[in-house]
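Open the model in your viewer and keep the selection panel at hand. The tour goes stop by stop, with something to select at each.

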Amino acid sequence: EILFLIVSVMVRIIFEAHHRYKKTNGEVLPTVLVVDEAHNLIKAYETNDDTISSQQLCTQIFEKIAKEGRKFGLGLVVSSQRPSELSQTVLSQCNTFLLHRIVSDRDQAMVKKLVPDTMGEILNELPVLASRKAILLGWASPIPVMVEINELKEKYRPASKDPHFWDVWIGSPGYERKVNWEPIVDEWQNKNK
């Protein structure tokens with residue numbers, strides 16, 4: 001709950017600062033907010049409830065930025081592996097989509113609504129796209145097109161490779177794992193302090 005409140009306050013301050021910057025200086029300060037794993041912060045929610053949760057508050061400020069941010073120079077890049085869980089208000093304001101592999105039927109159906117039926121055939125490739133392949137569509141490309149993302153040098157890549165399950169399980173050289181749970185449990189229970 002506290003994460004949503006902190007993010008809401010920070011993002012609201014950024015939005016307000018850009019609004020005031022334009023008002024004071026007569027021009028915008030181009031800025032882009034990048035929200036990775038956006039399905040955690042910009043969740044769709046039901047509007048028929050009288051109470052507002054901190055999660056809804058968080059989504060609402062991102063919706064405000066999606067709708068009004070451009071006139072103050074504030075843009076939004078939304079990255080998610082679960083587009084069907086995102087706020088439809090935010091998605092409706094997106095003008096370009098870069099779609100990587102999407103396996104879930106629900107997410108695929110939502111994405112297919114973004115393009116005319118005549119151009120939807122390329123989206124049938126979504127569940128089988130290879131790593132670094134994506135489909136670009138929207139304002140940046142007049143028709144959906146398959147693109148290949150440049151490969152980052154090893155030193156710049158995030159530490160998010162797939163685990164080497166088989167190599168660890170069979171004890172392949174270089175993949176052996178020694179397990180001693182005691183220090184992990186001690187740290188977990190704050191015994192080291």
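Buried here means under 20% relative accessible area, exposed means over 50%, and partly exposed is anything in between. Keep in mind throughout that this is a predicted model.

**Stop 1: Ser84**

Select Ser84. It sits in the loop between β2 (74-78) and α3. Is Ser84 buried or exposed? Its relative accessibility is 11%. The cut-off for buried is under 20%, so Ser84 counts as buried.

Now show what surrounds Ser84. Leaving out residues up to four places away in sequence, Ser84 touches Arg106, Asp107 and Met110. Zoom in on Asp107. Its side chain makes a polar contact with the side chain of Ser84, at 2.4 Å.

For a long view, add Asp186. Ser84 and Asp186 are 102 residues apart in sequence, and their C-alpha atoms are 40 Å apart in space.

**Stop 2: helix α4**

Stay with Asp107 and select its helix, α4, residues 105-112. Which residues of α4 are buried? They are Asp107, Gln108, Met110 and Val111. These residues lie on the same side of α4, because they cover an arc of only 160° around the axis.

Turn to the other side of α4. Asp105 and Arg106 are exposed there. Recall that Arg106 is also among the residues that Ser84 touches.

What do the buried residues of α4 pack against? Colour α3 (88-93) and β3 (96-99): these are the packing partners.

Next, go to the start of α4 and show Ser104. A side-chain oxygen of Ser104 comes to within 3.3 Å of the backbone nitrogen of Arg106.

**Stop 3: the cysteines**

Select the cysteine sulfurs. How many disulfides does the structure hold? The count is zero. Start with Cys58, which is in no disulfide. The cysteine sulfur nearest to that of Cys58 belongs to Cys94, 16 Å away. A disulfide would need the two sulfur atoms within 2.5 Å.

Compare the surroundings of each. Cys58 is buried, with a relative accessible area of 0%. Cys94 is in no disulfide either. Cys94 has 26% relative accessibility and counts as partly exposed.

**Stop 4: Ala134**

Select Ala134, in strand β4 (residues 133-138). Its relative accessible area is 0%, and Ala134 is buried.

Which residues does Ala134 touch, not counting those up to four places away in sequence? Show Leu98, Leu99, His100 and Leu129. Then add Val145, Met146, Val147 and Ile149 to complete the set. Leu98 and Leu99 fall in β3 (96-99), the strand you coloured beside α4.

Draw a distance from Ala134 to Glu46. The two are 88 residues apart in sequence and 31 Å apart in space, C-alpha to C-alpha.

**Stop 5: Ser54**

Select Ser54 and its helix, α2, residues 54-68. Ser54 is buried, with a relative accessible area of 9%. Apart from neighbours within four places in sequence, Ser54 is in contact with Glu1, Phe4, Leu5 and Ser8.

**Stop 6: Ala17**

Move to helix α1, residues 2-25, and select Ala17. Is Ala17 buried, exposed or partly exposed? At 42% relative accessibility, Ala17 counts as partly exposed.

Add Phe72. Ala17 and Phe72 are 55 residues apart along the chain, with their C-alpha atoms separated by 9.4 Å.

**Stop 7: the whole chain**

Clear the selection and zoom out. Colour by secondary structure: the protein has six helices and five strands. Follow the ribbon along the sequence, and the pattern reads α-β-α-β-α-β-α-β-β-α-α.

Now rotate the C-alpha trace. Along its principal axes, the trace spans about 60 × 50 × 40 Å. The protein has a radius of gyration of 21 Å, whereas a compact globule of 193 residues would have one near 16 Å.

Switch on contacts. Among those between residues at least 6 apart in sequence, 59% join residues at least 24 apart.

Finish with the surface. The accessible surface comes to about 13900 Å², and 56% of this belongs to carbon and sulfur atoms. Of the 193 residues, 27% count as buried.

Notes:
Residues numbered from 1 in each chain as written. Predicted model: local features only at pLDDT ≥ 70, side-chain atom pairs only at ≥ 80, totals over all residues. Heavy atoms only, no water. Buried < 20%, exposed > 50% of the residue type's maximum accessible area, 1.4 Å probe, protein only. Helix = DSSP H or I, 4+ residues; strand = E, 2+ residues; numbered from the N terminus. Arc of directions from axis to C-beta. Contact = heavy atoms within 4.5 Å. Polar contact = N/O pair within 3.5 Å; in protein donor to acceptor, adjacent residues only side chain to side chain. Rg over C-alpha atoms; globule rule 2.2 N^0.38 Å. Areas by Shrake-Rupley, 256 points an atom, 1.4 Å probe, with all protein chains shown as cover.
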